[in-house]
Amino acid sequence: MMGYGPMSTIKWGILATGGIAATFTEDLKLLPDAEVVAVGSRSVESARAFADRHGIPHAHGSWAELAADPDVDIVYVANTQNAHYDAVLTCLGAGKAVLCEKAFTLNRAQAAKLVDVARERGLFLMEAMWMRCVPAIRKIVELVEGGAIGPVQAVHADFGISVSVEPGHRLRDPELGGGALLDLGVYPISFAHLMLGGPAKVQSWARLTPEGVDENTGMLFGYDSGAVALLSCGITTDGPVTASVSGPLGRIELPHPFFRPGAFVLHRDGAEPETFHVPYEGTGMLHEAVEAMRCLREGLLESPLVPWQATLDVMGVMDEVRRQAGVRFPGE
């Protein structure tokens, strides 16, 4: 794997031209050691418009052209999740490192294949689960691992939003990997995994849309340690979008939105609540870019903050939640 000097500028390519690609691109501009040099889309017109809007020098009309661009060190994949597998495979095939949006793929089998390809080719690959890279979340992990609340016994997390989407919208389209779970539920599940690892038992229930994707989903996970996680997600619910992690010595409460907190509160028996202010930079997405670039410079194939096994575990859990709910995507 190519090494990068500690002061070298790492050059990014952006695959897709939607809202999340725009947000990430603007965050990258805050990093002096990052440069966005190219954007790629299935439409050269869309790529050129995005490039003009964000001051990007090169616009490509296909994923393959972007992946083949010799100026690009790493590609950020931000298209719809049904297309992540093919897009990442294209980039890895061209020898490019990849940071791919969540949900990483449609299912664990696809994710495992991409990990295998990255390992075989000696290329960096990371799920863009930015929550794991946000400073406040990293501080919470530090406190929990340091025994601040004792062994974790319970995790609660919700990501419910009330949105009115018509049939055909990507959130209701099985062809596009629609539903609340892959778009929103991946955050509570990833948070629980960060605190407790993979569950021994998964129980879930979901209400489905007429198209057959989940719109309101509840999950209960059980762990060999005796811990539990109670999680929910939905596109019809105005949820609190908060989280907590509890142990015998206290609990940590994360405010809305729990996946990008600038502060959190530690409650411990016999002590006043302690508020930790741990601000993020930009929109918070730049922290995953910083981590990806650190890994490139150190010659790592995977990030210790977002390791491959965590991505595979979370994808496997979502497979099981969908199985219990009766949600299948075309081709599965």
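Two strands are said to pair if DSSP finds at least two bridges between them, and I begin there because bridges are what we will follow through this predicted model. Take strand β4, residues 74-77, and strand β5, residues 97-101, which run parallel and are joined by four bridges. If we look at valine 77, its bridge partner in β5 is cysteine 100.

Stepping back from that one contact, we find that β4 and β5 belong to an open sheet of six strands, whose order is β3-β2-β1-β4-β5-β6 and whose pairing is parallel. At the edges stand β3, residues 58-60, and β6, residues 125-128, and because each has a single partner strand, one side of each is left without a neighbour in the sheet. From one strand to the next, the twist averages 25 degrees.

Let me turn now to the aromatic rings. A pair of such rings is described by the distance of the centres and the angle of the planes. How many aromatic pairs are there in this model? The count comes to nine, and one of them is formed by phenylalanine 264 and phenylalanine 276, which are stacked, with 5.0 Å from centre to centre and 10 degrees between the planes. Phenylalanine 264 lies in strand β13, residues 263-268, while phenylalanine 276 lies in strand β14, residues 274-277, so this pair ties together parts that are 12 residues apart in sequence.

Are these two rings buried or exposed? Buried means under 20% relative accessible area, so phenylalanine 264, at 1%, counts as buried, and phenylalanine 276, at 16%, counts as buried too.

Finally, ring pairs also link Trp130, Phe159, Tyr187, Phe191, Phe258 and Phe259 into a cluster.

Notes. Residues are numbered from 1 along each chain as its sequence is written. This is a predicted model: local features need pLDDT of at least 70, side-chain atom pairs count only at pLDDT 80 or more; totals for chains, interfaces and linings use all residues. Side-chain values use heavy atoms; hydrogens and water are left out. Helices (H or I, at least four residues) and strands (E, at least two) are DSSP runs, numbered from the N terminus. Axes are lines fitted to C-alpha atoms, for helices over the stretch in contact, and angles run from 0 to 180 degrees between N-to-C directions. Rings of Phe, Tyr and Trp (its six-membered ring) pair if their centres lie within 6.5 Å; planes under 30 degrees apart count as stacked, over 60 as edge-to-face and the rest as tilted. Buried means under 20% relative accessible area, exposed over 50%, partly exposed in between (1.4 Å probe, protein chains only).
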